[in-house]
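Work through the exercises below with the sequence and the model open side by side. Each task is followed by a solution in steps.

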Amino acid sequence: MSMGHRGTDTPLRFATFLAPNMLPTYRFLAEHLAARLDRPVELVTGRSFAQFERGQADLGVICGLPYVWLAAQRRPPVEPLAAPVLAGARYGGRPVYFSDVIVHRDSAVTRVEDLRGCSWAYNDPASHSGYTVTLHALVGIRAGPGFFGRVVQAGFHERSIRLVARGEVDASAVDSQVLAVALRDQPELAADLRVIGAFGPSTIQPVVAATRLPGQVKTAVRDALLGLGGHAAAAPALAHGFIERFVAVDDTAYDDIRAMLGTIHAAGYTTLS
């Protein structure tokens, strides 16, 4: 049955494909959307972007890199609705984030160039914040394949953080929002980590809707997200993720990621391994 014919009592599935430490914020978003749309909204863990095409996910929060991949399809299965603006002067009131480069507190490394031959952790090859932006930065310093001595796929940014904090890996690039949440919630990590630089900024991960959803549903979801900044009940959930508010974004907002992809492909440096 198509989404356009599903009744308003049928739950909308809100899938998160991002860091687990942001779950309290996503859980609130699902509850808020349910109240605003007067319709059940179920928070689920995203496992495949094909869920949007199969009717198994209707809304979601996804990394900018897979969004760009999905948008390049002949019939894009998703479209961006809104994205968060993070608190802090470094973000300039824009829907952007950085990938902070972390090393162990006792490391002698002071800049990215010093990491030649060192070990490096990344979360996932489908991550812009942990993978593509790293390749782009390495092209920028004229590094080439084999720059790192050992590369470890950690699975999540939080695991990359722990690997560096324990001294098991020399360095990693971590989403600045995820790092801020981790350092606040696990303050003992701060004693073992040091930020030596940052990649970016990059347009932050969007809240997307399945293209097949009726236009009025997509509009209602976007309006509900844009109204969160002045919503008192939303303050704790937004503060958990250091979010000030949500702003509307469209496909062109992710042209910066497309440009980075173009740069690394032109350089022939498309994999860290």
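**Exercise 1: The five-stranded sheet**

Task: find the residue of β7 that stands opposite Trp 120, then place the strands around this pair.

Solution. Step 1: Trp 120 has Val 151 of β7 as its opposite number. The model is a predicted one, in which local features need pLDDT of at least 70 and side-chain atom pairs count only at pLDDT 80 or more, while totals for chains, interfaces and linings use all residues. Residues are numbered from 1 along each chain as its sequence is written, and side-chain values use heavy atoms, with hydrogens and water left out.

Step 2: β6 (residues 119-122) pairs with β7 in the parallel sense, over 4 bridges. Strands here are DSSP runs of E with at least two residues, helices are runs of H or I with at least four, and both are numbered from the N terminus. Two strands pair if DSSP finds at least two bridges between them.

Step 3: the order β7-β6-β8-β5-β9 gives an open sheet of 5 strands with mixed pairing. At its edges are β7 (150-153) and β9, each of which pairs on one side only. From one strand to the next the twist averages 25°; axes are lines fitted to C-alpha atoms, for helices over the stretch in contact, and angles run from 0 to 180 degrees between N-to-C directions.

Step 4: add the helices. α5 lies across β5 (96-104), β6, β7, β8 (171-175) and β9, at about 145° to β8. α6 lies across β5, β8 and β9, and runs at about 100° to β8. Contact means heavy atoms within 4.5 Å.

**Exercise 2: The six-stranded sheet**

Task: state which strands stand at the edges of the sheet of 6 strands, and which helices lie on it.

Solution. Step 1: this open sheet runs β2-β1-β3-β10-β4-β11, with mixed pairing. β2 (41-45) and β11 (243-248) stand at the edges with a single partner strand each, so one side of each has no neighbour in the sheet. Neighbouring strands are turned by 25° against each other on average, direction ignored.

Step 2: β4 (residues 78-86) pairs with β11 in the antiparallel sense over 5 bridges. Within β11, Ala 248 stands opposite Ala 82.

Step 3: α1 packs on the sheet and touches β1 (12-16), β2, β3 (59-61) and β11, its direction making about 155° with that of β2. α7 (residues 215-226) lies across β1, β3, β4, β10 (207-210) and β11, at about 5° to β4.

Step 4: Lys 218 forms a salt bridge with Glu 79, the closest N and O atoms being 3.0 Å apart. The pair links helix α7 to strand β4 across 139 residues of chain. A salt bridge is a side-chain nitrogen of Lys or Arg within 4 Å of a carboxyl oxygen of Asp or Glu; the whole structure has 9.

**Exercise 3: Empty space**

Task: describe the lining of the largest pocket and of the largest cavity.

Solution. Step 1: fix the terms. On a 1 Å grid over the protein atoms alone, a cavity is a set of points where a 1.4 Å probe fits but cannot get out; a pocket is an open set with protein on both sides within 12 Å along at least five of seven lines, and lining residues have an atom within 4 Å of a point. Grid points are joined across faces, edges and corners, and a volume is the space filled by probe spheres set on the points.

Step 2: the largest pocket holds about 550 Å³. Its lining has 29 residues, with Phe 17, Leu 18, Ala 19, Gly 155 and Phe 156 nearest the centre. α1 (23-37), α5 (157-165) and α6 (176-185) each give two or more residues to this lining.

Step 3: the largest cavity holds about 80 Å³. Among its lining residues are Leu 18, Met 22, Pro 84 and Phe 246. α1 gives the most, with 3 residues.

**Exercise 4: Backbone details**

Task: which residues does a cis peptide bond join, and where does Asp 38 lie?

Solution. Step 1: the cis bond joins Gly 200 and Pro 201, with omega about 10°. Pro 201 belongs to strand β9 (residues 193-203).

Step 2: Asp 38 is in the loop between α1 and β2, and its phi is positive, near 55°. Most residues other than glycine have a negative phi, and most peptide bonds are trans.
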